[in-house]
Amino acid sequence: FCEYFDEQLSLLEGVQPEVVGHFDVVLKYCPAVKMSGKVLEKVRRNVRYCVEHDILVEINSSGVGKGLRRPYPQPDVVVLAKELGARFTVSDDAHSPSDVALYYGHVRQYIHDMTIASSVYCLRRRQQQRQDEGVVSKPSAGYIHSFRFVQAELVPDFLSHEFWSRSASYELAQ
């Protein structure tokens, strides 16, 4: 696990993405592992790097369908990220149209349970503006799509946003 989080830091430093996805995907192979010791320190270091460089931490619904029964990252990581002041975004990891918003009911409940709703941002794509117009934008993490730019916007009242009214499967447990 230490090597994974060292490589993750190298990626964060080299690419400077807007979002770090699948933060702890390596744990899908050992879902019962609780992070401690050196691994926890590396996770803390990487989360701190994300906070210092305005990199959002992705809450990814695909963990639900991969036997974890919860989104990525695991609760220990979310608690740590919250304590360090991380900002979050949501993704479904859709690889086909039928996967769009898959397991989002679980994501909504997870965000509620982890009490991070006030730190959830959406990403909006914007066209690159010329630097002489006084706007400096960071390119997307994708090398091929480096002409795309995104802007993180806080989602006020995330858990009660109109999006959730579109399906009964998004209801929060009482």
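These questions and answers walk through a predicted model.

Reader: How many disulfides does the structure hold?
Author: A disulfide is a covalent bond between the sulfur atoms of two cysteines. Cys50 is buried, at a relative accessible area of 0%. Cys122 is partly exposed, at 21%. The number of disulfides in the structure is zero.

Reader: Which element gives the largest share of the largest nonpolar core?
Author: In soluble globular proteins, nonpolar side chains tend to be buried together. Here the largest such core has 36 residues, and Val43, Ile59, Phe88, Ile111 and Phe158 touch the most other members. The elements giving two or more residues to this core are α1, α2, β2, α3 and α4. The largest share is five residues, and that share comes from α2.

Reader: Within what arc do the buried residues of α3 fall, seen down the helix axis?
Author: An α-helix has 3.6 residues a turn, so residues three or four places apart point the same way. In α3 the buried residues are Val77, Val78, Leu80 and Ala81. They pack against α2, β2, β3 and α4. They line one face of the helix because they fall within an arc of 165 degrees.

Reader: Which strands stand at the edges of the open sheet?
Author: Strands of a sheet pair through backbone hydrogen bonds, either parallel or antiparallel. This sheet has three strands in the order β1-β2-β3, with parallel pairing. Each edge strand has a single partner, so one side of each is left without a neighbour in the sheet; the edge strands are β1 and β3.

Reader: What is the bridge partner of Val20 in β2?
Author: β1 and β2 pair in the parallel sense, over two bridges. For Val20, the partner in β2 is Val57.

Reader: How many residues apart in sequence are the parts that Phe5 and Phe23 tie together?
Author: The two rings form a tilted aromatic pair, with 6.0 Å centre to centre and 35 degrees between the planes. Phe5 lies in helix α1 and Phe23 in the loop between β1 and α2, so the pair ties together parts whose separation in sequence is 18 residues.

Reader: Is the pair of Phe158 and Trp164 stacked, tilted or edge-to-face?
Author: Phe158 is buried at 10% relative accessibility, and Trp164 is buried at 4%. Both belong to one aromatic cluster with Tyr104 and Phe163. Their ring centres are 5.6 Å apart. Their planes stand at 80 degrees, over the cut-off of 60, so the pair is edge-to-face.

Note on methods. Residues numbered from 1 in each chain as written. Predicted model: local features only at pLDDT ≥ 70, side-chain atom pairs only at ≥ 80, totals over all residues. Heavy atoms only, no water. Disulfide = S-S within 2.5 Å. Buried < 20%, exposed > 50% of the residue type's maximum accessible area, 1.4 Å probe, protein only. Core = buried A, V, L, I, M, F, W, Y, C linked by side-chain atoms within 4.5 Å. Helix = DSSP H or I, 4+ residues; strand = E, 2+ residues; numbered from the N terminus. Arc of directions from axis to C-beta. Contact = heavy atoms within 4.5 Å. Pairing = 2+ DSSP bridges. Phe/Tyr/Trp six-rings, centres within 6.5 Å; stacked < 30°, edge-to-face > 60°.
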